[in-house]
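Please open the structure in your viewer and keep the sequence panel beside it, so that each selection can be made by residue number. The tour goes from pockets to a helix pair and then to a sheet.

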Amino acid sequence: MNEVQRIRDLAKETLEYALSDEMNRRRKLWTDHNSLIFTRPPIYIRAIPWEEWPDVYKLTCQDPFLRGLEAEFLLNRYRMSIRNDDTIIEPFITMRASVAVAPEGVYGMPANLEEKAEGIKAARYKPALFEESDIDKLYVLPHQVDEEKTKIQKVRYQETLNGILDVAVSRQGILCDMWQNDISTLIAKLRGLEQIMWDVYDSPEWLHKLAAWMRDRILEQIDQTEAAAGFRLNNHENQAMPYCHELMPPSASDMPVSTKQLWGYMAAQEYTTFGPQMFDEFMFQYQKPILERYALTAYGCCEDLSKKIGIIKQLKNLRRIAVSPFANIEECAQQIGGDYVLSWRPNPSSACSRGVDEDAVRRELRNAIRIFDENGCKWDITLKDLETTSGDSGAIIRWTAIVREELERHYGR
């Protein structure tokens with residue numbers, strides 16, 4: 001089959017999903033849920049390790065650009081086969097504008113992994129900041145879009161898709177992107193995860209100076225993006241489905257918006273071992289002014305926030321709080337109550353990494369339901385960081401069906 005025609009056929013399939021009654025049902029569910037209207041808890045399958053399923057991952061395109069589109073559309077096909085989750089597929093595809101980035105990295109210094117040992121997939125980051133004077137070597141290029149390169153890329157998308165799906169362009173500054181804007185991710189990569197733990201004792205003033213410098217550059221890029229009319233409704237980010245009654249939904253519209261019309265999101269996974277006071281002093285107080293530029297915010301990823309929720313509640317626009325597999329869910333539920341959306345993340349290892357133990361899944365879920373109900377929580381379930389299903393492409397489907405059955409038995413449809 002002609003490769004372009006294959007992409008168009010798959011795009012039509014995605015469009016059918018995106019415009020289906022099922023997607024509209026999911027949009028209404030998330031819109032109410034994220035506006036704190038009690039619903040059946042939505043289910044979001046965020047991580048799918050489908051590269052280990054050769055029976056599902058059948059890429060045929062040889063052209064790298066087309067192969068990337070093929071993978072995206074086939075992932076949509078798999079998502080629809082899950083059936084019982086509430087992930088929303090949109091009738092558009094998003095491409096990143098060509099924005100200015102320093103050749104050594106967004107902060108002008110490399111954040112690279114060290115060499116991996118033979119047979120080992122993991123590696124630590126190789127720090128680039130050693131001396132206190134190294135902060136003076138950091139720099140960020142002003143936000144600027146290469147319009148010619150961006151136009152060429154968009155035309156290629158449009159010609160390939162032949163009008164089947166709209167093409168949305170993300171034009172925001174590079175420091176507005178998730179994991180570039182939270183300070184925590186890159187400060188640990190550039191300085192070293194263990195080193196920042198020493199710095200709070202040995203060089204606290206310098207660590208404050210570094211975090212403040214990064215905060216100011218991020219705020220600067222938000223200002224620059226807004227001045228350039230660069231934010232769009234495809235720039236929502238809340239690590240879930242960004243639908244709610246208060247904000248316009250994601251779309252491919254080229255209408256400029258401000259951050260006051262968008263969801264913002266951050267986490268501080270690298271600071272999970274910091275106590276609440278140190279987390280507040282050395283990280284959260286630098287994140288707070290960035291997050292408060294947005295209309296609504298979501299906070300947290302894999303870190304344990306059990307002892308830090310009181311600090312996160314300082315955010316005037318906080319709406320969603322993550323409860324990770326490492327958190328005390330009862331302690332978190334008591335603090336979150338019904339004032340925010342509680343985003344519960346079950347442990348993926350016990351969910352479906354090594355088979356699906358139906359009895360164990362039901363026990364864990366019934367315990368969570370009891371705790372969340374006792375505390376009046378509005379909550380959802382996110383399955384994330386699922387690195388393997390041991391080659392079983394049906395494991396996620398079975399797990400999700402069990403979860404949906406339990407939720408509907410307790411809350412109805």
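**The largest pocket**

In this predicted model, begin with the largest pocket, whose volume is about 1,200 Å³. To place yourself at its centre, select Tyr44, Thr94, Asn234, His236 and Glu237, which lie nearest to that point among the 40 residues of the lining. Next, colour α3 (64–82), β2 (92–96) and β6 (263–266), the elements that each give two or more residues to this lining. The largest share comes from α3, with six residues. If you colour the lining by residue class, you should find 20 nonpolar, 13 polar and seven charged residues.

**The second largest pocket**

Move now to the second largest pocket, which has a volume of about 460 Å³. Its lining is made up of 18 residues, and those to select for its centre are Arg124, Tyr125, Ala188, Gly192 and Leu193, which lie nearest to it. Two or more residues of this lining come from each of α5 (184–191) and α6 (193–202), and α5 provides the largest share, four residues. By class, this lining holds eight nonpolar, four polar and six charged residues.

**From α3 to α13**

Return to α3 and show it together with helix α13 (residues 395–411): the two pack at an angle of about 40°, and their axes are 9 Å apart. That angle makes α3 oblique to α13. To see the contact itself, display the side chains of Tyr78, Ser81 and Ile82 on α3, and of Ile396, Ile397 and Thr400 on α13. Sorted by class, this contact has four nonpolar and two polar residues, with no charged residue.

**The six-stranded sheet**

Finally, select the strands of the open sheet, whose six members follow the order β1-β10-β9-β8-β7-β6 with parallel pairing. At the edges are β1 (43–45) and β6, each of which pairs on one side only. Looking across the sheet, you will find neighbouring strands turned against each other by 20° on average, direction ignored.

Within the sheet, zoom in on β7 (residues 296–299) and β8 (residues 318–323), which run parallel and are joined by three bridges. Threonine 297 is the residue to pick here, since you can then look for leucine 318 of β8 opposite. Which strands does helix α2 (residues 21–33) touch where it packs on the sheet? Selecting that helix shows it against β1, β8, β9 (341–344) and β10 (378–383), and the direction of α2 makes about 125° with that of β10.

Note on methods:
Residues are numbered from 1 along each chain as its sequence is written. This is a predicted model: local features need pLDDT of at least 70, side-chain atom pairs count only at pLDDT 80 or more; totals for chains, interfaces and linings use all residues. Side-chain values use heavy atoms; hydrogens and water are left out. On a 1 Å grid over the protein atoms alone, a cavity is a set of points where a 1.4 Å probe fits but cannot get out, and a pocket is an open set with protein on both sides within 12 Å along at least five of seven lines; lining residues have an atom within 4 Å of a point. Grid points are joined across faces, edges and corners, and a volume is the space filled by probe spheres set on the points. Ala, Val, Leu, Ile, Met, Phe, Trp, Tyr, Cys and Pro count as nonpolar, Asp, Glu, Lys and Arg as charged, and the others, Gly among them, as polar. Axes are lines fitted to C-alpha atoms, for helices over the stretch in contact, and angles run from 0 to 180 degrees between N-to-C directions. Angles under 35 degrees count as roughly parallel, over 145 as roughly antiparallel, 65 to 115 as roughly perpendicular and the rest as oblique. Contact means heavy atoms within 4.5 Å. Two strands pair if DSSP finds at least two bridges between them.
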